[in-house]
Amino acid sequence: THAKMATIPLGFNIDTPRWDQSTFVGRLKHFLNITDPRTVLVPEKELDQAKALVESCRAGLVPPGSSQEQLLYAKKLYDSAFHPDSGEKMNLIGRMSFQVPGGMAITGCMLQFYRTVPAVVFWQWVNQSFNAIVNYTNRNAASPISLRQIGVAYITATGAALATAVGLNLYTKRAPPLLARWVPFAAVAAANCVNIPMMRQQEIINGITVTDGDNNELGCSRRAAVKGIAQVVLSRITMAAPGMIILPIIMERLEKFTFMQRIRVLHGPLQVLLCGGFLLFMVPAACALFPQRCSLALADLEKELRDSIMAKHGDKVPYVYFNKGL
């Protein structure tokens with residue numbers, strides 16, 4: 001096969017991000033590319049071909065006549081469908097590229113069916129089940145999590161969402177109608193604060209690997225794990241916020257018009273479509289809020305780890321780096 005293979009373009013590294021990851025705009029372009037919902041429709045066979053092409057490119061060989069654009073498209077498909085740590089194909093529902101179609105359907109229904117307790121309970125349960133799949137799929141493969149821990153994380157997050165949603169739903173019965181429409185967002189935010197740390201508890205208990213600027217391992221830090229997970233929680237809440245805060249205001253105004261009162265049956269589909277519009281931009285924007293390669297000042301590390309780094313490297317390592325996850 002080597003005789004039929006061509007060498008890759010000079011200076012081209014398929015694993016180097018195309019855009020500067022130290023700027024928000026660069027990260028936004030990167031995530032707009034890999035969270036593109038159209039990649040969900042790509043057949044399994046084409047995804048496997050993309051993986052094979054990426055792996056052969058890493059080995060320094062590509063099929064003759066392959067253009068740089070073809071290689072970059074293969075990498076886009078690879079990043080959208082395969083786990084960055086293990087290289088295994090991720091389940092469809094858990095992929096970040098499925099966040100727009102999956103999220104818009106569930107969020108639209110949560111915003112539409114917020115008036116009765118059974119509807120609130122059902123849609124919050126559906127949402128937490130979806131979140132559990134996403135969090136498990138995008139977990140840090142270097143920090144394994146047991147099925148029991150996944151179960152506990154799922155039950156506690158669902159419990160937090162339902163307690164917040166049902167509690168606030170009853171509380172807002174006498175409040176202005178708009179406040180009742182914001183209850184689903186409060187429930188989603190509360191659940192995210194529980195679900196993500198619980199799903200990634202191994203990282204908090206054992207720490208995550210930190211490296212120097214040249215990717216040399218320096219040890220494991222629990223403080224780095226806490227910082228990374230806190231940033232993920234914040235970005236997930238940000239992902240949901242515009243749609244779940246602004247859309248209720250839009251619907252509250254629209255529903256006062258006579259023509260909207262005549263077409264009540266279309267309110268649900270309309271909310272789903274509008275949610276899709278928000279998520280199309282907010283999924284990549286929220287992922288881009290913080291750099292994927294997170295940094296922490298040496299002074300902020302645990303004393304033992306800081307002392308061991310100082311003993312080996314002196315003051316040559318002012319910052320440590322780690323992958324925060326998504």
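# Salt bridges, helix packing and surface of a predicted chain

Trainee: Which residues are linked in a network of salt bridges?
Mentor: The model is a predicted one. In it, a network of salt bridges links four side chains. Its members are Asp15, Arg58, Lys75 and Asp79.

Trainee: How many salt bridges does a search of the whole structure find?
Mentor: The search covers the whole structure. A pair counts when a side-chain nitrogen of Lys or Arg is within 4 Å of a carboxyl oxygen of Asp or Glu. The number of salt bridges found is 11.

Trainee: Which residue forms a salt bridge with Asp36, and are both buried or exposed?
Mentor: The closest N and O atoms of the pair are 3.0 Å apart, and the partner of Asp36 is Lys76. The pair links distant parts of the chain, 40 residues apart, with Asp36 in the loop between α1 (24–34) and α2 and Lys76 in helix α3. So the partner is Lys76, and as to burial, both Asp36 and Lys76 are buried.

Trainee: How many residues apart in sequence are the parts tied together by Lys89 and Glu44?
Mentor: Lys89 forms a salt bridge with Glu44, with 2.8 Å between the closest N and O atoms. Lys89 is in the loop between α3 and α4 (99–112), whereas Glu44 is in helix α2, so the bridge ties together parts of the chain whose separation in sequence is 45 residues.

Trainee: Is Lys89 buried, partly exposed or exposed?
Mentor: Buried means under 20% relative accessible area and exposed means over 50%, with partly exposed in between. The relative accessibility of Lys89 is 30%, so Lys89 is partly exposed.

Trainee: Which helices hold Glu252 and Arg181?
Mentor: The side chains of Glu252 and Arg181 meet in a salt bridge at 2.7 Å, N to O. The two parts tied together are 71 residues apart in sequence, because Glu252 lies in helix α10 (residues 222–254) and Arg181 in helix α7 (residues 177–181).

Trainee: Why does Arg181 count as buried?
Mentor: The cut-off for a buried residue is under 20% relative accessible area. Glu252, the partner in the bridge, is buried at 18%. Arg181 is buried because its relative accessible area is 3%.

Trainee: At what angle do the axes of α2 and α3 cross?
Mentor: Two packed helices are described by the angle between their axes and the distance between the axes. For helix α2 (residues 44–58) and helix α3 (residues 68–81), the axes come within 8 Å. Their crossing is left-handed. The angle is roughly 115°.

Trainee: Which residues in α2 meet α3?
Mentor: On the α3 side, the residues met are Gln70, Leu71, Tyr73, Ala74, Lys75, Leu77, Tyr78 and Ala81. On the α2 side, they are Glu46, Leu47, Ala50, Lys51, Leu53, Val54, Cys57 and Arg58.

Trainee: How far apart are the axes of α5 and α8?
Mentor: Helix α5 (residues 117–137) packs with helix α8 (residues 183–199) at an angle of about 35°. The crossing is right-handed. Residues of α5 that meet α8 include Gln124, Asn127 and Asn131, and those of α8 include Ala187, Ala191 and Asn195. The distance between the axes is 11 Å.

Trainee: What is the distance in space between Gly167 and Val117?
Mentor: Gly167 is in helix α6 (residues 147–171), and is partly exposed at 35% relative accessibility. Gly167 and Val117 are 50 residues apart in sequence. From C-alpha to C-alpha, the distance is 9.6 Å.

Trainee: Which residue other than glycine has a positive phi near 70°?
Mentor: The residue is found in the loop between β3 (208–211) and β4 (217–221). With a relative accessible area of 53%, it lies over the 50% cut-off and so counts as exposed. The residue is Asn215.

Trainee: Which residues make the nonpolar surface patch of about 500 Å²?
Mentor: One of them, Leu266, is in the loop between α11 (258–262) and α12 (267–287). Leu266 is partly exposed, with a relative accessible area of 46%. The patch is made by Phe257, Phe259, Ile263, Val265 and Leu266.

Trainee: What share of the residues in the chain is buried?
Mentor: The chain has 13 helices and 6 strands. Its accessible surface comes to about 16500 Å², of which 64% belongs to carbon and sulfur atoms. Of the 326 residues in the chain, the buried share is 47%.

Terms used
Residues are numbered from 1 along each chain as its sequence is written. This is a predicted model: local features need pLDDT of at least 70, side-chain atom pairs count only at pLDDT 80 or more; totals for chains, interfaces and linings use all residues. Side-chain values use heavy atoms; hydrogens and water are left out. Patches are made of residues with over 30% relative accessible area and no salt bridge: like charges are joined within 9 Å, nonpolar side chains (Val, Leu, Ile, Met, Phe, Trp, Tyr) within 5 Å. Accessible areas come from the Shrake-Rupley method with a 1.4 Å probe; for residues, only the protein chains shown count as cover. Helices (H or I, at least four residues) and strands (E, at least two) are DSSP runs, numbered from the N terminus. Buried means under 20% relative accessible area, exposed over 50%, partly exposed in between (1.4 Å probe, protein chains only). Axes are lines fitted to C-alpha atoms, for helices over the stretch in contact, and angles run from 0 to 180 degrees between N-to-C directions. A crossing is left-handed if the near helix is turned anticlockwise from the far one by less than a right angle, and right-handed if clockwise. Contact means heavy atoms within 4.5 Å.
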